[in-house]
Amino acid sequence: MSGRVLVGVKRVIDYAVKIRVKPDNSGVVTDGVKHSMNPFCEIAVEEAVKLKEKKLIKEVVAVSCGPQQAQETIRTALAMGADRGIHVEVSGKDYETLGPLHVSKILAALAKKEEAQLVILGKQAIDDDCNQTGQMTAALLDWPQGTFASEVSLEGDKIKVVREIDGGLETIKINTPAVLTADLRLNTPRYATLPNIMKAKKKKIANVKPADLGVELTSRLEVLRVDEPPQRLAGIKVETVGDLVSKLKETGKI
Amino acid sequence: MANPLRGEVFRLYKNLLYVGRDYPKGSAYFRDRLKSAFMKNKDVTDPEEIQKLVARGEFVIKELEALCFLRKYRAMKKRYYEPEH
């Protein structure tokens with residue numbers, strides 16, 4: 001297989017940031033908060049770049065949907081080894097309601113347009129935890145899917161995928177073209193160092209609008225409310241076993 | 001300071017600063033320690049000595065990358081996977 005790989009990358013709030021809910025409970029505070037590439041997307045990019053280094057595929061194209069800042073995430077993918085990027089411009093209200101179904105439609109349209117052999121995504125985003133985009137994209141393209149991939153090997157025009165499932169591992173063989181979603185143990189993503197980021201500035205990022213791909217961004221979902229998880233109540237310390245027993249009796253546990 | 005090495009030192013400083021953005025204790029903390037570490041050696045003139053220090057700096061970059069990766073990996077593992085995994 002000497003084709004093109006499309007990698008979807010998402011710009012999310014950095015995993016180490018303490019999330020704050022907006023005072024009006026309409027969402028989460030994102031202004032001025034540190035953002036970075038979704039950790040599972042990093043693993044997806046790494047896998048694509050590894051395939052290119054093994055000369056199993058020819059070109060890695062990084063795609064991201066979002067406002068201007070999504071370009072930073074694409075630049076990180078380019079610094080990790082992607083050849084070029086595609087920025088699908090979505091901003092304002094459209095971006096707030098952008099969900100897996102829209103992104104899948106966009107990725108499916110791009111996969112066809114770019115004649116991709118493989119679409120690799122992270123298994124889920126750490127902000128919405130949907131775990132849907134990969135699966136939906138495969139369905140829209142009518143391509144086989146290898147989700148929760150912890151090992152990927154190309155065998156001729158087929159792909160062997162070892163999947164992480166409850167209670168163990170499942171090995172499947174699927175035809176190409178296909179969609180894969182990356183799980184944590186697939187690989188160790190390389191660091192995008194400053195020299196690589198500088199070199200990546202020469203690589204091209206194309207600008208596309210969802211309308212150009214024939215995708216409508218109307219949302220069928222409305223977020224009603226966002227709340228913080230309930231505060232964990234402090235524990236009570238007791239001095240003796242007798243105290244423990246009486247406390248348990250008090251609160252009706254025994 | 002020997003001219004070609006001057007460039008190397010500046011590049012090292014910028015690269016370290018970049019990696020320090022993800023430092024667990026905060027980028028400001030890292031920046032202060034980085035600056036004082038470099039300032040401590042500002043009067044070194046022996047080119048061999050400078051090369052050794054630059055090599056040490058590059059080693060620190062590798063260590064920081066590993067540190068940040070491990071921290072992220074452990075956080076993801078804790079959040080998304082069952083303890084027995």
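Leaving aside neighbours within four places in sequence, with which residues is A:Val45 in contact? In this predicted model, the contacts of A:Val45 outside that window are A:Val7, A:Val9, A:Met37, A:Ala77 and A:Met80. A:Val45 also belongs to the largest nonpolar core, which has 46 residues. A:Val45 is listed there with A:Val7, A:Leu118, A:Ile120 and A:Ile159 as the residues with the most contacts inside the core. Helix α1(A) gives the most to this core, with 8 residues. A second, separate core of 26 residues includes A:Ile86, A:Leu98, A:Ala116 and A:Ala138. In soluble globular proteins, nonpolar side chains tend to be buried together.

Chain A contains an open sheet of 9 strands with mixed pairing, in the order β9-β8-β7-β10-β6-β1-β4-β5-β11. Its edge strands, β9 (168–175) and β11 (205–208), each pair on one side only. From one strand to the next the twist averages 30°. Within the sheet, strand β6 (residues 118–122) and strand β10 (residues 178–182) of chain A pair in the parallel sense over 5 bridges. A:Leu118, one of the residues with the most contacts inside the largest core, has A:Ala178 as its bridge partner in β10(A).

Two helices of chain A are placed against these strands. Helix α1 (residues 39–53) lies across β1 (4–8), β4 (59–66), β6, β7 (145–155) and β10 of chain A, and runs at about 150° to β6(A). Helix α4 (residues 100–113) packs on the sheet and touches β1, β4, β5 (84–89) and β6 of chain A. The direction of α4 makes about 150° with that of β4(A).

Over all chains, the count of aromatic pairs comes to 5. A:Phe40 and B:Tyr80 form an edge-to-face pair, with 5.5 Å centre to centre and 75° between the planes. This pair crosses between chains, from helix α1 of chain A to helix α3 (residues 47–80) of chain B. A:Phe40 is buried, with a relative accessible area of 0%. In chain B, the rings of B:Tyr23 and B:Phe30 have centres 5.2 Å apart and planes at 45°, so this pair is tilted. B:Tyr23 is partly exposed at 23% relative accessibility, whereas B:Phe30 is buried at 9%. Ring pairs link both residues with B:Tyr29 into a cluster.

For chain B, an unreviewed UniProt entry places the feature "domain: Complex 1 LYR protein" at residues 8–61. This span is 76% helix and 0% strand, and its end C-alpha atoms lie 14 Å apart.

How values were computed. Residues are numbered from 1 along each chain as its sequence is written. Chains are lettered from A and ligands numbered from 1 in the order in which they are written. This is a predicted model: local features need pLDDT of at least 70, side-chain atom pairs count only at pLDDT 80 or more; totals for chains, interfaces and linings use all residues. Side-chain values use heavy atoms; hydrogens and water are left out. Two strands pair if DSSP finds at least two bridges between them. Helices (H or I, at least four residues) and strands (E, at least two) are DSSP runs, numbered from the N terminus. Axes are lines fitted to C-alpha atoms, for helices over the stretch in contact, and angles run from 0 to 180 degrees between N-to-C directions. Contact means heavy atoms within 4.5 Å. UniProt positions are given in the numbering used here, feature names are shortened, and annotations may be inferred rather than shown by experiment. A nonpolar core is a set of buried Ala, Val, Leu, Ile, Met, Phe, Trp, Tyr and Cys residues joined through side-chain atoms within 4.5 Å. Buried means under 20% relative accessible area, exposed over 50%, partly exposed in between (1.4 Å probe, protein chains only). Rings of Phe, Tyr and Trp (its six-membered ring) pair if their centres lie within 6.5 Å; planes under 30 degrees apart count as stacked, over 60 as edge-to-face and the rest as tilted.
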